[in-house]
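Subject: The two-chain model, handed over

Hi,

Here is the structure I promised to pass on. Have a look at it first, and then read my notes below with it open beside you.

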Amino acid sequence: MQAYTGKILHVDLTTGRSKIQTFDDAFAKMYIGGTGFGIKTLLDNQKPGIDPFDPENPLIYALGAVCNTMVPCGASKFGVFAKSPASNLLGEAYSTGQWGAELRSAGYDILVIRGKAAKPKYIWIDDESMQLMDASHLWGKTAWETEETIRKDLGDEYVRVSGIGQAGENLSRIACLINDHFRAAGRTGLGAVMGSKNLKAVAVRGTYDTCVADVPKLQEFCKDLYERARGPKTSKYRTLGTAANVLAMNKQGALPTRNFQAAMFEGAEKISGEYLNERYVTKIEGCSACPMRCEHIAVVREGPFTGATARIEYEPTMAFGSNCGVDRMDAIIKSVELCDMYGLDAISAGMIIAFGMECFERGLITTQDTGGLDLRFGNAEAMVEMVRKMAFRQDIGKVLADGVRPASKAIGKGSEAFALEIKGVELTGYDIRGLKTAALGYAVSRRGADHQRHGSYGPDMDGRVDRFKAEKSRGKIVVGDEDNYAIFDSIILCKFSRGIWNGYDEIAKIYTMVTGIPYTGEEMRKTGERINNLARIYNIREGLTRSDDTVPPRVMNDPIPSGVSKGSRVTQEDLDILLDGYYEARGWTPEGVPKSEKLKELDLEGYESILAGKRK
Amino acid sequence: MVRHKFVTVDPDKCVGCRICEYVCSQEKDKVFNPTKSRIRVVRIYPTVNASMTCRLCEDAPCVVACPRKALEQSKENGVILVNKDKCNGCGWCIEACDFGAIVLDPSKKVVAMCDLCQGNPKCVEWCPEEALELTSRDLLSQKARLGAVKKLVEASKTQS
């Protein structure tokens with residue numbers, strides 16, 4: 001096989017030892033890379049049922065098949081996996097930038113980190129050399145300071161760093177991993193897993209070649225793909241960026257506002273992609289081998305947050321903007337900057353502050369809890385300060401730093417009714433009450449509330465289906481979307497580029513050009529299905545049941561109050577129709593457990609023993 | 001010499017995507033390996049990006065610095081030619097270059113720099129941002145001159 005290094009680097013922080021394990025074509029073909037490698041490695045390397053902060057919870061980095069090649073939007077993507085401290089189920093998150101390409105240049109496709117260092121350390125991978133370096137001078141530093149200091153210490157400006165800020169050290173369950181300054185493996189609290197290991201960062205520098213199987217064909221195909229990547233299918237990402245969604249979602253009555261108390265925001269114009277680009281975006285940058293480039297770097301030039309600099313996307317704009325009732329772009333940029341520095345998932349951070357704001361307005365918490373902050377919706381300064389308090393676990397930030405689910409349990413007083421999370425992971429920027437296909441996607445998503453495992457808001461938003469209606473047939477749609485996305489997350493291709501690809505056949509074609517491993521479109525689809533089933537097996541092993549595939553109480557009980565989606569909600573009856581349809585389409589039992597035939601069909605029968613007792 | 005063409009970057013257009021590095025290493029060594037690329041991207045956070053490669057200096061300092069006379073500047077097109085038998089990878093030329101445009105091939109242990117791909121640089125061809133340009137000092141000053149005059153004309157129009 002070409003492109004792959006075929007190597008897995010295991011590092012044990014407790015003993016300081018490392019070893020290299022190899023994999024063959026069969027493993028590569030069966031799991032492809034990224035999410036396939038990550039979930040498979042986690043399932044096989046983690047003791048069932050352990051606490052996410054147990055030193056034996058492995059923190060896994062996995063690269064995609066096309067990493068460090070010129071395949072558009074795929075050169076540097078990587079996934080990170082562990083048992084999630086947010087959900088106690090599958091933890092997975094993806095990032096881009098340059099770090100991934102560097103790990104492959106150093107000679108590895110998968111990195112597995114176990115154990116716990118006695119003192120703060122960082123891992124330094126320099127081609128075949130692996131060293132545990134002292135990180136006591138980095139502990140307490142931001143992710144940005146850490147990245148810069150490591151480069152300075154090692155005297156090499158091309159060292160790439162993936163690491164944590166203070167939030168990960170303080171074991172915030174929404175802590176993330178930051179690499180290349182503006183990129184984050186954001187969701188499911190993987191930064192806290194790194195922190196729990198007394199690990200501050202993984203620094204990498206590589207000089208090895210990546211060779212592909214068919215250079216002339218790949219070049220010819222890439223030329224075409226680059227053209228497409230500059231065409232209409234990606235224009236949103238290249239022009240206004242994802243922040244264009246603000247006005248689009250607002251118009252559809254699907255823009256989360258004031259902790260989902262509304263789905264339209266009166267201040268939407270002032271947090272729109274148009275407003276952002278006109279006043280704040282100073283540069284658009286790209287990741288490795290990306291011909292479309294989307295990173296909108298925004299800088300605040302006046303006011304209390306002067307100098308704040310962050311890469312701005314729709315999700316954090318929604319989370320810190322409409323969902324906190326804040327119509328100030330400068331405060332949103334500042335909040336995202338702090339999240340990147342402290343290493344907090346900016347989506348969850350905004351969502352949790354919104355939850356805190358509702359608690360405050362309902363009198364469930366007071367200024368006594370907030371350290372004097374008037375934590376009302378719309379108070380931009382209080383919002384920014386609360387980001388800081390969460391990272392350092394001060395005042396109510398101590399509780400909020402663990403996520404909406406633990407926070408609502410700690411605060412109590414009925415706050416569970418407006419805790420917007422699924423499987424312990426905070427909701428993202430789609431009001432799923434009026435997007436029934438997406439609601440199913442969110443309910444069953446393997447990493448908790450999430451639009452990135454299925455993208456099933458697509459059929460709702462573009463009118464392929466009646467978005468207000470729950471039907472069994474949505475199951476098949478979500479299954480198709482999930483399997484497709486699992487392939488994107490394995491190759492790994494940026495989902496912003498999904499519009500330029502013509503189905504599985506084309507992805508199989510490029511996979512073969514790169515790796516030399518024969519693959520058909522149908523085999524691709526099946527591998528997508530295999531990966532989703534593998535994730536289900538993992539989650540069931542860690543305790544997931546049908547009752548975890550659900551939507552938050554507010555989504556079920558409180559209809560959207562106004563706008564085109566007025567009156568929408570997802571009732572228990574709706575949910576049951578959707579779930580039944582989904583499980584059926586998946587070939588799972590009504591309890592959501594993959595049937596033996598399905599395991600056999602997907603060559604996963606080796607995991608039968610995990611599921612045997614779970615079927616009724 | 002003023003008319004010798006070389007590859008230059010417009011930092012306002014460069015997004016730091018590193019496609020030039022991938023294309024260059026593929027073209028020259030049939031591998032993907034940015035450390036072998038004759039053009040390297042520099043990113044200074046948060047917003048500075050620029051690809052750097054050989055500028056075909058007059059009286060090239062790298063040629064002067066080489067103690068083994070392994071480097072020679074082509075009279076025809078100004079590119080620096082490396083005699084692979086003479087070069088022992090000592091790195092004097094790398095130190096002499098003001099632009100960091102010379103790379104030491106980590107496997108072959110000889111230096112390499114931009115050879116303009118027979119007059120059709122692949123990095124320029126592939127750059128999706130059109131940030132790279134094959135140009136000469138003469139053309140660059142022409143462009144600057146024209147731009148300056150156009151600005152003056154515009155300014156006088158708005159004033160009158």
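Before we get to how helices pack, one definition: a helix axis here is a line fitted to the C-alpha atoms over the stretch in contact, and angles between N-to-C directions run from 0 to 180 degrees. Also, keep in mind that this is a predicted model.

**Two helices in chain A**

With that in hand, find helix H2 (residues 34-45) and helix H20 (residues 474-491), both in chain A. Their axes are 5 Å apart, and they pack at an angle of about 90°. That makes H2(A) roughly perpendicular to H20(A), because angles of 65 to 115 degrees count that way. Which residues of H2(A) and H20(A) meet? From H2(A) come Gly34(A), Thr35(A) and Gly36(A), and across from them in H20(A) are Ala486(A), Asp489(A), Ser490(A) and Ile491(A). Sorted by class, this contact of H2(A) with H20(A) holds four polar residues, two nonpolar and one charged.

**The sheet**

H2(A) will come back in a moment, but look at the sheet in chain A first. It is an open sheet of six strands, and its order is S2-S1-S6-S3-S4-S5, with mixed pairing. A bit of background may help here: strands of a sheet pair through backbone hydrogen bonds, either parallel or antiparallel. Which strands of chain A stand at the edges? They are strand S2 (18-22) and strand S5 (90-95); each has a single partner strand, so one side of each is left without a neighbour in the sheet. From one strand to the next, the twist averages 20°.

Follow the edge at S5(A). Strand S4 (residues 78-83) of chain A runs antiparallel to S5(A), and six bridges join the two. To spot one of the pairs, find Phe78(A), whose bridge partner in S5(A) is Ser95(A). And here is H2(A) again: the helix packs on the sheet and touches S4, S5, strand S3 (59-63) and strand S6 (110-114) of chain A. The direction of H2(A) makes about 150° with that of S3(A). The hairpin of S4(A) and S5(A) has six residues between the strands, and in this hairpin Asn88(A) takes a positive phi near 60°.

Is S5(A) buried or exposed? Six of its six residues are buried, so S5(A) is largely enclosed by the rest of the structure. Both of its faces are covered: Leu90(A), Glu92(A) and Tyr94(A) lie buried on one side, while Gly91(A), Ala93(A) and Ser95(A) lie buried on the other.

**Domains of chain A**

Now zoom out. The domain assignment splits chain A into domain 1 (7-205), domain 2 (220-426) and domain 3 (432-597). Between domain 2 and domain 3 of chain A, the C-alpha centres lie 24 Å apart. Their contact takes 27 residues from domain 2 and 27 residues from domain 3. On the domain 2 side, the elements that give two or more residues are helix H7 (215-229), strand S16 (421-422) and strand S17 (425-426) of chain A. H7(A) gives the most to that side, with four residues. The residues on this side of domain 2 divide into 17 nonpolar, six charged and four polar.

**Chain B and where it touches chain A**

Chain B has 160 residues, of which 39% are buried. The chain has eight strands and five helices, and along the sequence they follow the pattern β-α-β-β-α-β-β-α-β-β-α-β-α. Its C-alpha atoms fill a box of roughly 65 × 30 × 30 Å along the principal axes.

Start with strand S1 (residues 5-9) of chain B, which is mostly covered, with four of its five residues buried. S1(B) runs antiparallel to strand S8 (residues 132-136) of chain B, and five bridges join them. One of the pairs to look for is Val7(B) with its bridge partner Leu134(B) in S8(B).

How many residues of chain B are in contact with chain A? There are 19, and they meet 25 residues of chain A. Helix H1 (residues 19-29) of chain B gives the most to the chain B side, with four residues. By class, that side has eleven nonpolar, six polar and two charged residues.

Cheers

Methods: Residues are numbered from 1 along each chain as its sequence is written. Chains are lettered from A and ligands numbered from 1 in the order in which they are written. This is a predicted model: local features need pLDDT of at least 70, side-chain atom pairs count only at pLDDT 80 or more; totals for chains, interfaces and linings use all residues. Angles under 35 degrees count as roughly parallel, over 145 as roughly antiparallel, 65 to 115 as roughly perpendicular and the rest as oblique. Two residues are in contact if their C-beta atoms, placed from the backbone, lie within 7 Å. Ala, Val, Leu, Ile, Met, Phe, Trp, Tyr, Cys and Pro count as nonpolar, Asp, Glu, Lys and Arg as charged, and the others, Gly among them, as polar. Domain bounds come from an automatic or database domain assignment. Two strands pair if DSSP finds at least two bridges between them. A residue is buried if 20 or more other C-beta atoms lie within 10 Å of its own, exposed if 12 or fewer, and partly exposed in between; C-beta atoms are placed from the backbone.
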